[in-house]
Amino acid sequence: PEFVALSDGNENDMIEGRKFDFPKGSIVAFDKGYFDYEWYKTLTDKGIFFVTRLRTNAVYKIHADYPVRSGTGVIADQDIQPSSAHARKRGAPPMRRVVYHCSETDKTYEFLTNHFDLSARTIAGIYKDRWQVELFFKAIKQSLSIKTFLGRSRNAVMTQIWIAMTVYLLVAYARYAARSGWTVLRMLRVLQMNLFERKTLQEVLNPSPPDPNKNEPQMRLVI
């Protein structure tokens, strides 16, 4: 992740989403919870592309209907203009509607985007990649656990969450440098066992085999 926002749980995601200043040319994928025609216009004016889901009750006019190839999963590829009173009031820009049937889930999805150059299948693929974000949150919930807060003030709680998030991201990144078979959860457990050892991360994750010629000190058991 390159953008992270932490806020109170009762705050709408849209409030934080509007604060991000995405670089021009970015392609932002988000779910229907961010549906806002005025925001779509703002992104379009800044040269930022987006891919999202179209609401079932959306009202629009079809300006162009392009032919689609059979067997690709694409059912429709259209240029549209939202035409409801709400859309006109919010300044909704011209957009593109892509209808795609996913063979894996056997479901049909309607996508909305302001990118007119990419293929319809690529648009569907971009939204599918958004599930990596959902998997990331799932992994955090499973692996990242703050059992005890050292402080109860807002600043103390936020600081501890930021530290925990940073640690998790560093470990997730280190997983790609480790040998195959490692998981983030396994790495966290190994690091916990070596917190007081003077070893590099490389030594912890990829330890050298024991030297048979080196005499290690042994503990004596007295009964």
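What is the volume of the largest pocket? In this predicted model, the largest pocket has a volume of about 1,800 Å³. A general idea helps in reading such a value: when a probe the size of a water molecule is rolled over the atoms, the empty space that is left becomes apparent.

The walls of this pocket may be considered next. Its lining consists of 44 residues, and those nearest the centre of the pocket are Phe3, Phe20, Tyr34, Val133 and Phe137. Five elements each give two or more residues to this lining: α1 (13-17), β1 (27-29), α4 (120-129), α5 (131-143) and α6 (154-175). Among these, α5 supplies the largest share, with nine residues. In chemical character, the lining of the largest pocket comprises 26 nonpolar residues, seven polar residues and eleven charged residues.

We now turn to two strands, β4 and β5, and to one residue in each. Arg97 belongs to strand β5, which spans residues 95-102, while Gln78 belongs to strand β4. Is Arg97 buried or exposed? Arg97 counts as buried because its relative accessibility is 12%, and the cut-off for buried is under 20%. The same reasoning applies to Gln78, which is buried because its relative accessible area is 5%.

The side chains of these two residues meet directly: a polar contact of 2.7 Å links Arg97 with Gln78. Each side chain also has a further partner. The side chain of Arg97 makes a polar contact of 2.7 Å with that of Glu110, and the side chain of Gln78 makes one of 3.3 Å with that of Asp65.

The surroundings of each residue complete this picture. When residues up to four places away in sequence are not counted, Arg97 touches Leu54, Tyr60, Ala76, Asp77, Gln78, Ile80, Glu110 and Phe111. With its neighbours within four places in sequence likewise set aside, Gln78 is in contact with Ile62, Ala64, Asp65, Tyr66, Met95, Arg96 and Arg97.

Finally, one should ask where in the protein chain confidence is lowest and where it is highest. The lowest confidence is in helix α8 (residues 201-205), with a mean of 75, and the highest is in strand β4 (residues 74-82), at 97. Gln78 lies in this latter strand. For the protein chain, the mean pLDDT is 85, and 90% of the residues reach 70 or more. As a general caution, predicted coordinates should not be read in detail where pLDDT is low.

Note on methods:
Residues numbered from 1 in each chain as written. Predicted model: local features only at pLDDT ≥ 70, side-chain atom pairs only at ≥ 80, totals over all residues. Heavy atoms only, no water. 1 Å grid on protein atoms, 1.4 Å probe; cavity = no way out; pocket = protein on both sides within 12 Å on 5 of 7 lines; lining within 4 Å. Points joined across faces, edges and corners; volume = space filled by probe spheres on them. Helix = DSSP H or I, 4+ residues; strand = E, 2+ residues; numbered from the N terminus. Nonpolar A, V, L, I, M, F, W, Y, C, P; charged D, E, K, R; others polar. pLDDT = per-residue confidence, 0-100. Buried < 20%, exposed > 50% of the residue type's maximum accessible area, 1.4 Å probe, protein only. Polar contact = N/O pair within 3.5 Å; in protein donor to acceptor, adjacent residues only side chain to side chain. Contact = heavy atoms within 4.5 Å.
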